[in-house]
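Me: Got a minute to look at this one with me? I'd like to go through it bit by bit.
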Amino acid sequence: MATTSSMFMYSLTIQPPTSVTQAILGQFAGTKEQQIVTASGSRLTIHRPDPTQGKITTLLAQDVFGIVRTLAAFRLAGSNKDYIIIGSDSGRITIVEYLPAQNRFSRLHLETFGKSGIRRVIPGQYLAVDPKGRACLIASVEKNKLVYVLNRNAQAELTISSPLEAHKPQTLVFALVGLDVGYENPVFACLEVDYTECDQDPTGQALEELEKSLVYYELDLGLNHVVRKWSDPVDRTATMLLQVPGGADGPSGVLVCGLDNITYRHSNQNPFRVAIPRRRGATENPERKRQIVAGVMHKMRAAFFFLLQSEDGDLFKVTLDMLEDDDGQVTGEVKKLKIKYFDTVPVASSLCILKSGFLFVASETGNHHFYQFEKLGDDDNETEFDSDAFPADPTEPYTPVFFHPRAAENVNLVESIDSMNPQLDCKVANLTDEDAPQIYSLCGTGARSTFRSLKHGLEVNDIVDSELPGDPSAVWTTKITREDQYDAYIVLSFTNGTLVLSIGETVEEVTDTGFLSSAPTLAVQQLGEDALIQVHPKGIRHIRADRRVNEWPAPQHRSIVAATTNERQVAVALSSGEIVYFEMDSDGSLAEYDEKREMSGGVTCLSLGEVPEGRVRSQFLAVGCDDSTVRILSLDPDSTLENKSVQALTSAPSALAIMAMADSTSGGSTLYLHIGLYSGVYLRTVLDEVTGELSDTRTRFLGPRAAKLFRVSVKGQPAVLALSSRPWLGYSDPQTKGFMLTPLDYTALAWGSNFSSEQCEEGMVGIENKNLRIFSIEKLGNNLLQQSIPLTYTPRKFIRHPEQPLFYTIESDNNTLSPSTRSQLLNAQPVVNGDGVVLPPEEFGYPRAQGHWASCIHIIDPITTKSVLQQIDLTDNEAATSIAAVSFASQDDETFLVVGTGKDMVVAPRSFSAGFIYVYRFLEDGKELEFIHKTKVEQPPQALLSFQGRLLAGIGTELRIYDLGLKQLLRKCQAAVVPNLIVGLQTQGSRIIVSDVQESVVFVVYKHQENKLIPFADDVIARWATCTTMVDYETVAGGDKFGNLWLLRCPQKASEEADEDGSGAHLIHERQYLQGAPNRLALMSHFFPQDIPTSIQKTQLVAGGRDVLVWTGFMGTLGVMVPFVSREDVDFFQTLEQHLRAEDAPLAGRDHLIYRSYYVPVKGAIDGDLCERFALLPNDKKQMIAGELDRSVREIERKISDMRTRVAY
């Protein structure tokens, strides 16, 4: 990559894509338990379904930096572990094993067979495995098929043969599956079309007579070659094959799924065919044929069945009946094929049936679902259709069959897994007046679409919320003896006393605990085996198990201002700045160390670490003073209270905590000192366990209030609860072990403590004003919280009200009946039994009809009511295409809502009968809309924008300016500025950035005195722009349909000329350059994130963070592009990226640099997702890269984590 670019961006993913393109099932960990492996774009994720709780947890997600096209699981005969085969765009076949001990994927084999990229004749599109794990076949869409024989060597390691070819030129493959033939030679079945004759026949006659064939390829293991064994014509609409169990389990063969029919085929059996049942209902078209889009076969003891899904989401159960001989024994011959309606679930890209009785539905759009089987649909009264009623010949006609859809009876939804696919638009805004903005986004299709509010934070599970008699200042929990599993007391400190509550079935006040109740408390600790300590301003109270109390009084005229304890040590600071240190003797009493240590200033906070395993004391005491320093004092018997190190801070420390936590750098655990400042800043530094030196400081701003820190435990790991204007949790990331600091979605707390009881093993207790709250944190994996509001149709675009926290969406669905047509059909004919039932569309979808549009406008309040406030349905087969809030200068700058619609639109080839622009007035602070008028235009407007007190509209190739009239909009100015179709508009000043559907962007200037729109700069590359935003007056950032992100800049000179005062005569008469505008835009930065960008904006994501470009992807991705400030950082990350490309080569064998340069060479962009994989490297590789970069490993990790935490989550 040329390092001459003057602008560099750092690309980071905040939320990886959530759409699942394929899911496979297997025992990848080598245990009895099944896992699910999913592919989403370039990410491979392994999930663990928990059958006891009915939940799915993610074990590991890895970006393979290549497009995962197909996955297959296989196991060698006699082994108990499944391997994963990946077919990707790398031109190589990859075999991967999951190692549960290290929680990582390990690549076993990488065999190259062709060019990289997704090409027609390079295998990788289809992948099939022999059920006994002896061979796999990888095929391309056309011509090429390769068979790899899989075996094991003497060391029991997996081996792979060189490929055997089964090529056939001029043949298109539609589907591929491995046949179950027991232990005979492996056979693979293919759906193929030979187009040789069509190519040579200009009349089109051969195309009419074209046949689709089912072909068997047999791998002869003895002779080690592949033969084409059997071929037979099948239904021309067939698109899908499913394997039928063979050997001892069944008859073998395949199910061929075509339009409106399913056929059982095998080389030595008669064909059997059944029709796919159609829905019956007043609003259903009885002629509409269904197709099977997903299916799964499940084997049980001595039986098997298929679940096949149509494009409506209906599941059908398909079974085979076998012939019996005279003794009633089952023979290997099929008697008939049977189908019946099972249930309706969302349309899936993959279905998986788990042995534990669950069904995983990887939805095409919207949330993925995890169902439990209630029953298998054997004893219900659904009509069963069998193959006796249908001719086996695919060309013969038959009577269609019907069923009534109904609510689910056989499966029960146990978990819905959040997925934002497809994500169609997004805005970042701070509507709740918190420190950080929220992300609002439109997701999903049809009736399952949603409006989602995303907020950075961890989900908190509230357990207890009870009111207290006064305002407590602090809270602790304590056990009574060291052996206790659960806490026994909650101790609350008030300004004038202390309250002790016992924890049991209920929480109630107790008075006979030995605690001093007449003074506030500074610290509580369970000491030694069975004693308790209470530190109060006037002394230390040591309560023995037999309720004897020893008091250590504070010296005269001095009180205790800060205290810290662990199970063997106590340290207190006096108001005079002295530190008194106690250690527990062998007999369980506290012994005071002879000398007091004087500090230079007043002490604000203290911290002792926990006593490490096998030691008698914590080595260090941290002391925070009001002269903005933290000192580390030694507690070694030889050098007690000697100064070990000091750290200067920007403000006085308000809290300290020494804790050992898991660490990605050392691979083990490291001692950290966490520091909270009065300014609301949090610091974490590494405390050297030998010398007491402090190093590697990382900072984070928590909020405007002083930070307080508390040691808690989450998921069995030590964590730190940091409280400022909102609560935060510092913990080790379950996967990378890197330190994460995430806000909690909870009210601001004043004090916190760990809490453990029978009902709540791992919780926290906190106080807020007069309330005592007990809560727990269940999930650490997901740090973006989602709230959904259901929408009616597929959302297209949305805008925010200029002042109020309200959003306006436009939604439209093609080939869907509008509400008025639906009600007409329901009222038209006399309703036959069951036909008039209206099913909930979010589960069953809307009734479909060719050429119809259903469309509406919604007002959404995501803050107070969290619901849709008003719905305006569009009539006359119109569908909304664009929306804008426009303030018209002619109406005293009142803001109106403007919506563009199209009538009778056909998507491809593009056609329509008219376009309209509707104008609505805001009423009730935007909570209601009042229709004013509509204006007919020649084409549906694809882009609208408020511009200098008027409306700017992109209608076809023309850019127009409208003003508001009494009966319609008045055209003021127009110019044809793009060659194809305007799809987006952005503006600053008199400059307008116009995006064309396939010709990138054009810079246009509006000359007021001449009333002219003049294009003055355009692009060299034909980019299919999907979204754009202005980064500054000269620069535009955008994304295109092929999944690229780019930044373009207008040359300085051209920009100044365009804005010169006076008429635009010099611009109009300037010479065109190559049939375009006179000037060309320069490409500043280009990156391929692999997801289609649907929105992009310049904004901040964290409090006090820099401006970044936030973009969202169609498959649910959220990403940021962070501009680099210094050249030095650019050089550092470029070198790091080069080392990682070599040391941590992508899993599926794609070259990382070529992958990020899929369409255009990557320029001015550094891949942050690759840099963040540094933390997962083995230690020796980290040390090697650190040596090359001349930095320490910690420094590199700090730089990588700072790039993320300063601007994003």
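Reply: Sure. One term up front: the expected span of a helix is 1.5 Å times one less than its number of residues. And keep in mind that this is a predicted model.

Me: OK, so how far does helix 11 reach from its first C-alpha to its last?
Reply: Helix 11, residues 1193-1205, reaches 18 Å, close to the 18 Å expected for its 13 residues.

Me: And which residues in helix 11 are buried?
Reply: Quite a list: V1193, R1194, I1196, E1197, K1199, I1200, D1202, M1203 and R1204.

Me: Zooming out, how many helices and strands does the chain have?
Reply: The chain has 11 helices and 91 strands.

Me: What's the radius of gyration, and what would a compact globule have?
Reply: The chain has 34 Å; with 1209 residues, a compact globule would be near 33 Å, so the two agree. The C-alpha trace spans about 110 × 95 × 70 Å along its principal axes, and 58% of the residues count as buried.

Me: New topic: where are the cis peptide bonds at P422 and P909?
Reply: One joins N421 and P422, with omega about -10°, and P422 sits in the loop between strands 33 and 34. The other runs from A908 to P909, omega near -10°, with P909 in the loop between strands 72 and 73.

Me: What about phi at D433 and S628?
Reply: Phi is positive for D433, about 55°, and for S628, near 60°. Most residues other than glycine have a negative phi.

Me: Are those two buried or exposed?
Reply: D433 is exposed at 70% relative accessible area, whereas S628 counts as buried at 18%.

Conventions:
Residues numbered from 1 in each chain as written. Predicted model: local features only at pLDDT ≥ 70, side-chain atom pairs only at ≥ 80, totals over all residues. Heavy atoms only, no water. Helix = DSSP H or I, 4+ residues; strand = E, 2+ residues; numbered from the N terminus. Rg over C-alpha atoms; globule rule 2.2 N^0.38 Å. Buried < 20%, exposed > 50% of the residue type's maximum accessible area, 1.4 Å probe, protein only.
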